[in-house]
Amino acid sequence: MRRHLFKSALLATALTPLAVPAAFAATADDVLATYADIALAGYEDSLKTAQDLNAAVEALAAAPTAETLAAARAAWLAARVPYQQTEAYRFGNAAVDDWEGKVNAWPLDEGLIDYVDASYGTESDENDYYVVNVIANPQLTVGGETIDATEITPELLASLHEIGGVEANVATGYHAIEFLLWGQDLNGTGPGAGDRPHTDFDAAACTGGNCERRVAYLKAASELLVTDLQEMVEAWGADGAARKDVAGNGAEAGLATILTGLGSLSYGELAGERMKLGLLLNDPEEEHDCFSDNTHNSHYYDVRGIANVWRGDYARTDGTSVKGPSLADLVREKDAAAADELDGKIDASLAAFTRLKERAETVEAYDQMIGEGNAEGNAVVQAAIDALVDQTRSIERVIAALDLSGIEIEGSDSLDNPDAVFE
């Protein structure tokens with residue numbers, strides 16, 4: 001993904017100021033403390049829901065039935081809600097950037113992990129591990145190198161993640177677990193998600209072969225997800241490295257970190273790589289939660305995470321909330337029009353993604369929305385993209401209002417140079 005350097009001349013036109021609730025008196029240090037507190041709460045909620053997922057996986061392994069598989073899928077979907085809201089902490093925070101690929105990398109070449117449909121193919125010029133199928137093969141031989149996969153453990157999966165330097169070799173994290181719980185979605189832009197049978201985990205009535213190893217892989221991946229999230233909870237704790245980095249590098253650097261994350265998630269990552277690219281290609285494989293057809297929720301909660309950070313207010317999964325002096329409060333003291341403008345743009349983004357979410361839940365899945373010839377579905381997705389781009393212009397105005405310089409917001413060819421997508 002490309003970066004582009006923010007230039008203060010890129011300013012959005014001010015909107016009519018909105019009525020806003022009474023704000024906290026904010027200093028930059030207060031804002032950074034709230035930012036870190038929300039990060040900690042978000043990762044704590046992600047850890048708790050991952051632990052719930054792990055328990056559901058254990059129940060599935062102990063008694064594979066349609067009901068225990070459905071419960072594990074429901075736990076996975078619930079785990080996505082808090083985690084996606086933490087993605088606003090990417091890009092600006094090195095501790096998060098260096099870590100997040102272990103838990104949320106996508107898209108993945110699922111032939112690395114398990115059996116796939118014949119339509120998947122048998123080789124890839126870019127990936128020697130395209131169809132090694134860890135679950136079916138206790139010994140993996142690639143390019144003259146042999147890997148002992150006799151015992152499937154969290155340590156083995158961690159060693160296989162992005163093996164060969166190929167980012168699509170995703171062996172760990174949410175999407176590896178998603179693939180194991182749902183299987184491939186072979187419906188294209190037609191209705192339906194993955195539909196792996198519960199008997200794929202039942203050694204006594206095994207379908208798909210290698211059921212005991214499939215259970216071992218799923219359990220190892222689930223356990224590793226919990227371990228990885230514990231690492232990030234510690235990083236944002238009172239003595240954690242990520243919290244210290246935000247607070248210890250000075251107010252200007254801390255604010256730049258926040259705005260780099262908001263702008264880059266809004267523009268290059270979500271509007272560009274996760275949405276516009278798939279819309280340009282009309283490709284159902286270009287969706288974030290592609291096996292479960294949960295992409296609409298992942299996108300919605302990314303936008304919710306941006307709002308949480310901007311407003312300094314996070315609704316926890318237990319019904320409580322974490323709130324405090326916010327970036328919005330600080331900006332409003334310096335440039336009320338800029339703050340009100342971004343408030344309005346974030347509300348517009350939330351509204352656009354609510355419409356997208358509602359359509360996915362009542363009309364058609366996200367992969368159908370981006371299909372070729374689906375004018376109405378395409379328009380809903382494009383409206384959400386447009387809202388994010390518009391929102392980013394207002395984030396740039398906030399950067400100017402705070403007199404911050406040198407901030408690099410992630411770009412995307414799909415937005416900045418669409419012709420390159422087809423080359």
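**Local environments and overall dimensions of the predicted model**

Lysine K357 is located in helix 11, which covers residues 336–362. The structure described here is a predicted model. With a relative accessible area of 17%, K357 falls under the 20% cut-off and is therefore classed as buried. The side chain of K357 forms a polar contact of 2.8 Å with the side chain of E361. When residues up to four places away in sequence are not counted, K357 touches H296, N297 and Y300.

A second site considered is D148, a residue of strand 3 (residues 145–148). Two polar contacts of its side chain were computed. One of them, at 2.5 Å, is made with the side chain of T150, and another, at 3.2 Å, with the side chain of Q139. Q139 also appears in the list of contacts of D148 that leaves aside neighbours within four places in sequence, together with P138 and L156. For P138, the C-alpha to C-alpha distance to D148 is 6.4 Å, at a sequence separation of 10 residues.

Helix 5 (residues 174–182) is largely enclosed by the rest of the structure, because 9 of its 9 residues are buried. The buried residues of helix 5 include the aromatic residues Y174, F179 and W182, as well as H175 and E178; A176, I177, L180 and L181 are likewise buried. The packing partners of these buried residues are helix 1 (28–62), helix 2 (66–85), helix 3 (94–104) and helix 6 (211–235). Just after helix 5, the backbone at G183 adopts a positive phi of about 80°.

At the level of the whole chain, 14 helices and 6 strands are assigned. The radius of gyration is 22 Å, close to the 22 Å that the globule rule gives for 423 residues, so the chain is as compact as a globular protein of that length. The C-alpha trace spans about 65 × 50 × 40 Å along its principal axes. Of the 423 residues in the chain, 58% are buried. Among contacts with a separation of 6 or more, 74% are between residues 24 or more positions apart.

The accessible surface of the chain amounts to about 16600 Å², and carbon and sulfur atoms contribute 49% of that area. The chain carries 28 positive and 73 negative charges, and the mean positions of the two sets lie 6 Å apart.

Methods. Residues are numbered from 1 along each chain as its sequence is written. This is a predicted model: local features need pLDDT of at least 70, side-chain atom pairs count only at pLDDT 80 or more; totals for chains, interfaces and linings use all residues. Side-chain values use heavy atoms; hydrogens and water are left out. Helices (H or I, at least four residues) and strands (E, at least two) are DSSP runs, numbered from the N terminus. Buried means under 20% relative accessible area, exposed over 50%, partly exposed in between (1.4 Å probe, protein chains only). A polar contact is a pair of N or O atoms within 3.5 Å; within protein, one must be able to donate a hydrogen and the other to accept it, and residues adjacent in sequence count only if both atoms are side-chain atoms. Contact means heavy atoms within 4.5 Å. The radius of gyration is taken over C-alpha atoms; the globule rule is 2.2 Å times the number of residues to the power 0.38. Accessible areas come from the Shrake-Rupley method with a 1.4 Å probe; for residues, only the protein chains shown count as cover. Lys and Arg count as positive and Asp and Glu as negative; His and the chain ends are not counted. The place of a charge is taken as NZ of Lys, CZ of Arg, CG of Asp or CD of Glu.
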